[in-house]
Amino acid sequence: MNLRTAIEADLPALATLFRETVLVNGPQHYSPAQVEAWAAVDAASPRFHQLILAVTTYVAEDDTAILGFAGIGDDGYVASTYVRHDCLHRGVGSLLMQAVLAHAQEKQIQRLYAEASEFSLGLFQKFGFSQYDTEVVDRSGVQFTRYLVERVLVETP
């Protein structure tokens with residue numbers, strides 16, 4: 001498994017991975033309306049373009065395909081963490097989270113924060129993030145509860 005930084009040419013493949021992961025894993029935690037609203041992603045949209053390219057997004061891939069991606073902004077915002085639906089629990093998410101943490105250390109970011117979904121919360125907790133609140137957001141007229149998580153990074157002398 002290799003890691004690299006996402007480029008614009010990756011947008012269609014990343015959008016497909018995003019959509020398929022939500023469609024396959026979402027029904028375990030979300031209503032059909034929530035899954036449909038969440039999965040409605042367009043690789044060409046400014047919103048998806050910003051999600052991937054306005055931050056540093058790491059892409060995990062093997063010889064055949066992209067297995068997942070995770071993005072981090074210079075302010076410590078973890079913008080995305082998605083693992084292909086058929087690659088869960090194979091270390092892809094952990095590899096991506098390690099890349100996010102290494103990026104934060106390199107950039108001397110002191111606090112990481114994110115809005116975790118039902119199925120990403122466990123990964124964040126595994127890497128030392130704590131839930132400090134929840135929020136309800138509206139996507140295309142459908143409400144979602146998200147878990148607000150953070151991890152304060154302490155420099156060692």
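Let me begin with a pocket, the second largest one in this structure, which holds about 470 Å³ of space; and I should say at once that we are looking at a predicted model. This second largest pocket is lined by 22 residues, and those that lie nearest its centre are V83, L88, H89, F119 and L123. If we ask which elements build that wall, then α1 (11-25), β4, α4 and α5 each supply at least two residues of the lining, and the largest share, 4 residues, comes from α5. By class, the lining of this second largest pocket has 11 polar residues, together with 8 nonpolar and 3 charged ones.

Two residues help to place this pocket on the chain. One is H89, named a moment ago among the residues nearest the centre of the second largest pocket, and found in the loop between β4 and α4. H89 counts as exposed, because its relative accessibility is 83%, where exposed means over 50%. The backbone of H89 also deserves a look, since most residues other than glycine have a negative phi. H89, although it is not a glycine, has a positive phi of about 60°.

The other residue is N25, which lies in helix α1. Is N25 buried or exposed? With a relative accessibility of 6%, N25 counts as buried, because the limit for that word is under 20%. Leaving aside the neighbours within four places in sequence, N25 is in contact with H85, L88 and F119, and of these contacts both L88 and F119 are also listed among the residues nearest the centre of the second largest pocket.

Let me now turn to the largest pocket, whose volume is about 840 Å³. Its lining has 32 residues, and the closest to the centre are R47, L51, Y82, R139 and R146. Here α2 (32-39), α3 (46-53), β4, β5, β6 (130-139) and β7 each supply at least two residues of the lining, while the largest share, 5 residues, comes from β4. Sorted by class, the residues around this largest pocket divide into 19 nonpolar, 8 polar and 5 charged.

Y82, one of the residues closest to the centre of the largest pocket, brings me to the aromatic rings. How many aromatic pairs does a search of the whole structure find? The search finds 10, and one of these pairs is formed by F69 and Y82, which are stacked, with 5.4 Å from centre to centre and 25° between the planes. This pair links distant parts of the chain, with F69 in strand β3 and Y82 in strand β4, 13 residues apart. Both partners are buried, F69 at 0% relative accessibility and Y82 with a relative accessible area of 12%. A second pair to point out is F124 with F129, where the ring centres are 5.0 Å apart and the planes stand at 75°, so this pair is edge-to-face. F124 is buried, with a relative accessible area of 2%, and F129 is buried as well, at 4%. Ring pairs also link F18, F48, F69 and Y82 into a cluster.

The pair of F124 and F129 leads us to the largest nonpolar core, which has 27 residues, and in which L112, F124 and F129 are the residues with the most contacts. Several elements, namely β2 (56-61), β3 (66-72), β4 (78-83), α4 (92-106), β5 (111-116), α5 (121-126) and β7 (142-152), each supply at least two residues of this core, and α4 gives the most, with 7 residues. For L112 we can go further and ask which residues it touches. Not counting residues up to four places away in sequence, L112 touches I72, G76, V78, V100, L101, A104, F129, V149, E150, R151 and L153. Apart from this core lies another one, of 22 residues, among them A39, I52, V59 and V137.

I will finish with a second backbone detail, at S140, which lies in the loop between β6 and β7. The phi of S140 is near 55°, a positive value in a residue other than glycine. S140 is exposed, with a relative accessible area of 69%, and so it can be set beside H89, which counts as exposed at 83%.

How values were computed: Residues numbered from 1 in each chain as written. Predicted model: local features only at pLDDT ≥ 70, side-chain atom pairs only at ≥ 80, totals over all residues. Heavy atoms only, no water. Core = buried A, V, L, I, M, F, W, Y, C linked by side-chain atoms within 4.5 Å. Buried < 20%, exposed > 50% of the residue type's maximum accessible area, 1.4 Å probe, protein only. Contact = heavy atoms within 4.5 Å. 1 Å grid on protein atoms, 1.4 Å probe; cavity = no way out; pocket = protein on both sides within 12 Å on 5 of 7 lines; lining within 4 Å. Points joined across faces, edges and corners; volume = space filled by probe spheres on them. Nonpolar A, V, L, I, M, F, W, Y, C, P; charged D, E, K, R; others polar. Phe/Tyr/Trp six-rings, centres within 6.5 Å; stacked < 30°, edge-to-face > 60°.
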